[in-house]
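Biologist: I would like a close look at one loop position and at the parts of the fold that can be reached from there. Please give the numbers as you go.

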Amino acid sequence: MKAIILYSTAHGSTAVCANKIVKALDGQAQLEDLKHFNGFDPDKYDFVIIGTPIYGGSALKEVKAFCNENSAKLLQKPLAVFFSCLSENEKNIDGFLKQNFPPELVTHISICSALGGAFYFTKLNFIERLIDKALVKAYAKSAGIPTPDGKTDFVTISDEKITKFAEKIKAEGAANDF
């Protein structure tokens, strides 16, 4: 099976997830950052994987633009989506799909998962740290975990979820003889 992972990242957590997915797929995936990618040719791949962080319920604009511009091409191949975010609620994840992807793609996506997220406080400016500190505090309270200090990076990226996501892709690929 030859897959392509098309992603965009704001602060790096989606790139971390994408790289871990490549490893979990035994290196059988090409990795492309949508900020620097042109010329999508679906005939080169058996499977397409799209990754984006979610901020305030929204995917990054370059992911949305790519999906809107290439919807017909994306419908030609099996499609999986992963989100880098703190939400684990299936209802929220379904909402992220419907809010950020064209309807025809939403019904075509066969695998979707939220793989965890990160707040890299050491990379953020003052305003971003203030906002993200409040978000992490609210997340910690709802998850029943100790409140992070807002200075140390806070990472919830799950290797277990990434492995399960990759296994689903491998299984679908095997079922379709890729």
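**An exposed aspartate and the elements around it**

Modeller: With a relative accessibility of 56%, aspartate 26 counts as exposed, since the cut-off for that class is over 50%. The model is a predicted one. Aspartate 26 sits in the loop that joins H1 to strand S2 (29-33). Its phi is positive, about 60°, although the residue is not a glycine.

Start with the helix before this loop. Helix H1 spans residues 13-24, and its axis comes within 9 Å of the axis of helix H7 (residues 159-175). The two axes cross at roughly 50°, and H1 and H7 are therefore oblique to each other. The crossing in which H1 passes H7 is right-handed. On the H1 side, the residues that meet H7 are Cys17, Lys20, Ile21 and Ala24. On the H7 side they are Asp159, Ile162, Phe165, Ala166 and Lys170. By type, six residues of this contact are nonpolar, three are charged and none is polar.

Phe165 of H7 also leads to strand S3, where isoleucine 49 lies. At 0% relative accessibility, isoleucine 49 counts as buried. Beyond its neighbours within four places in sequence, isoleucine 49 is in contact with Phe165 and Ile169, with Leu25, and with Ala3, Ile4, Ile5 and Leu6. Ala80 and Phe82 are also among the contacts of isoleucine 49. Isoleucine 49 and lysine 77 are 28 residues apart along the chain, and their C-alpha atoms are separated by 9.9 Å.

On the other side of strand S2 in sequence is phenylalanine 37, which belongs to the loop between S2 and strand S3 (47-53). Its relative accessibility is 14%, so phenylalanine 37 counts as buried. Ile4 and Leu6 are in contact with phenylalanine 37, as are Glu32 and Phe66, leaving aside neighbours within four places in sequence. Lysine 141 is 104 residues away from phenylalanine 37 in sequence, and the two are 39 Å apart in space, C-alpha to C-alpha.

Further along the chain, the loop between S4 and H4 holds cysteine 85. This cysteine counts as buried, at 7% relative accessibility. Not counting residues up to four places away in sequence, cysteine 85 touches Ile54, Phe96, Ala114, Gly116 and Gly117. Glycine 57 and cysteine 85 are 28 residues apart along the chain, with 9.4 Å between their C-alpha atoms.

Phe96 takes us into helix H4 (residues 90-100), in which Ile93, Phe96, Leu97 and Asn100 are buried. These four cover an arc of only 95° around the axis, so they are on the same side of H4. The spacing fits the general rule: an α-helix has 3.6 residues a turn, so residues three or four places apart point the same way. Lys91 and Lys98, on the other side of H4, are exposed. The buried residues of H4 are covered by elements that include helix H2 (61-69), strand S4 (79-84), helix H5 (103-108) and strand S5 (109-114).

The last stop is serine 71, in helix H3 (residues 71-74). Serine 71 has 6% relative accessibility and therefore counts as buried. Apart from neighbours within four places in sequence, its contacts are Pro102, Glu104 and Leu105.

How values were computed:
Residues numbered from 1 in each chain as written. Predicted model: local features only at pLDDT ≥ 70, side-chain atom pairs only at ≥ 80, totals over all residues. Heavy atoms only, no water. Axes fitted to C-alpha atoms, helices over the stretch in contact; angles between N-to-C directions. Helix = DSSP H or I, 4+ residues; strand = E, 2+ residues; numbered from the N terminus. Parallel < 35°, antiparallel > 145°, perpendicular 65-115°, else oblique. Left-handed = near helix turned anticlockwise from the far one by under 90°. Contact = heavy atoms within 4.5 Å. Nonpolar A, V, L, I, M, F, W, Y, C, P; charged D, E, K, R; others polar. Buried < 20%, exposed > 50% of the residue type's maximum accessible area, 1.4 Å probe, protein only. Arc of directions from axis to C-beta.
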